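Reader: Hi! Could you walk me through this model in plain words?
Author: Happy to.
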Amino acid sequence: MSVIPCEQNSDLRAQIERFAEVLKTEAHRLGDHGLDERDFYNSGLFRGAVERVRGQFSATMRAKREFVQHVLNHMEDEGLIAGWDLTDDSSRNDYLVRLPSGRIAVIDLKGCLDGNNTNIFERPADADEFVIWSICTNLGADPRRNAWSGIHTRLSADIISRNQRVDGLIVWDMVCGTIGRPCPKVAGGDGARLTDIGPFRVPPACIYLFPSLVPSSAAPIVLAQPIEGVELLSAFHRCFKGHDAELNHVDFELLQNDSDLMRRTTIRRAGVVQKVSDMVPIRRV
């Protein structure tokens with residue numbers, strides 16, 4: 001049982017760690033800086049270069065936007081959404097999706113879910129549905145740790161403390177199903193479940209359905225919505241060949257314990273509890 005079916009590629013992780021060690025000990029031999037080994041490592045050149053590259057990787061959204069555009073165009077071509085646009089505040093990388101029923105869904109694009117950026121979201125007043133989409137292209141990241149960090153540590157606490165309803169979460173990107181992040185849904189060469197969208201070939205998306213209500217003292221236990229209750233997630237589920245047994249249902253439970261407001265997060269899949277937290281206080285309150 002796990003919060004997400006896939007797991008970190010241990011071989012790749014080991015290679016990354018070995019290469020990082022080589023880079024740290026042999027970096028002074030690279031480039032034309034003219035420094036000897038001692039001066040090189042004391043100069044800050046290496047650390048500055050690493051931080052610059054790291055920042056460039058974190059800041060670039062071009063590849064992620066390209067992937068999202070291919071996905072939404074494909075869904076529109078298949079008639080599962082009526083259309084889409086960037087929202088007015090395009091700097092936040094949000095997307096507005098017009099659904100066949102006439103409802104409006106807004107997508108807030110996030111990275112690997114383990115950073116503070118996950119806590120920065122605001123459900124638009126005119127959104128009928130609000131969904132967060134995690135696109136994590138860092139192959140060194142641990143998808144299970146990040147998914148739990150995002151859903152329990154960050155999103156559940158902010159949903160409750162800020163009374164911000166989130167209808168669901170998509171954890172899915174162009175790395176899914178590759179050698180770097182094998183997908184159990186297509187294990188054994190089940191190519192029939194792969195979908196070609198532009199230059200990408202992707203397995204079914206990992207979808208997390210959240211409750212339609214924010215838990216409160218009047219309703220301390222709230223259960224995940226059915227897939228039919230969130231039209232956008234239903235469209236992703238059908239368009240990319242998901243099976244109902246693969247859907248993740250996220251429940252929240254609230255408890256006032258003296259001065260502490262506490263919550264428990266439970267993730268169910270195929271009728272089985274995959275992960276459940278202890279009852280822990282919300283520190284943001």
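Reader: Are Trp 133 and Trp 172 buried or exposed?
Author: Trp 133 and Trp 172 are both buried, where buried means under 20% relative accessible area, exposed over 50% and partly exposed in between, with a 1.4 Å probe and protein chains only. Keep in mind that this is a predicted model, where local features need pLDDT of at least 70, side-chain atom pairs count only at pLDDT 80 or more, and totals for chains, interfaces and linings use all residues. Residues are numbered from 1 along each chain as its sequence is written, and side-chain values use heavy atoms, with hydrogens and water left out.

Reader: Cool. What does Trp 172 form with Phe 240?
Author: Trp 172 and Phe 240 form a tilted aromatic pair, 4.7 Å centre to centre with 55 degrees between the planes. Rings of Phe, Tyr and Trp (its six-membered ring) pair if their centres lie within 6.5 Å; planes under 30 degrees apart count as stacked, over 60 as edge-to-face and the rest as tilted.

Reader: And where do those two sit in the chain?
Author: Trp 172 is in the loop between E5 and E6, and Phe 240 is in the loop between helix H6 (231-239) and strand E10 (248-257), so the pair links distant parts of the chain, 68 residues apart. Helices (H or I, at least four residues) and strands (E, at least two) are DSSP runs, numbered from the N terminus.

Reader: How many aromatic pairs are there by this rule?
Author: The count is 14. In one of them, the rings of Trp 133 and Trp 172 have centres 6.1 Å apart and planes at 15 degrees, so that pair is stacked.

Reader: Which residues do ring pairs link into a cluster?
Author: The cluster holds Phe 67, Trp 133, Trp 172, Phe 200, Phe 236 and Phe 240.

Reader: Switching to H4: which of its residues are buried?
Author: Lys 64, Phe 67, Val 68, Val 71, Leu 72, His 74 and Met 75. They cover an arc of only 155 degrees around the axis, so they lie on the same side of H4; the arc is that of the directions from the helix axis to the C-beta atoms.

Reader: What's on the face turned away from the buried side of H4?
Author: That face carries Arg 62 and Asp 77, which are exposed. Just after H4, Gly 79 takes a positive phi of about 75 degrees.

Reader: Last one: which ring does the charged end of Lys 275 sit over?
Author: The ring of Trp 148, with the charged end 5.1 Å from its centre. A charge sits over a ring if NZ of Lys or CZ of Arg is within 6 Å of the ring centre and within 35 degrees of the ring normal. Likewise, the charged end of Arg 162 sits over the ring of Phe 121, 4.6 Å from its centre.
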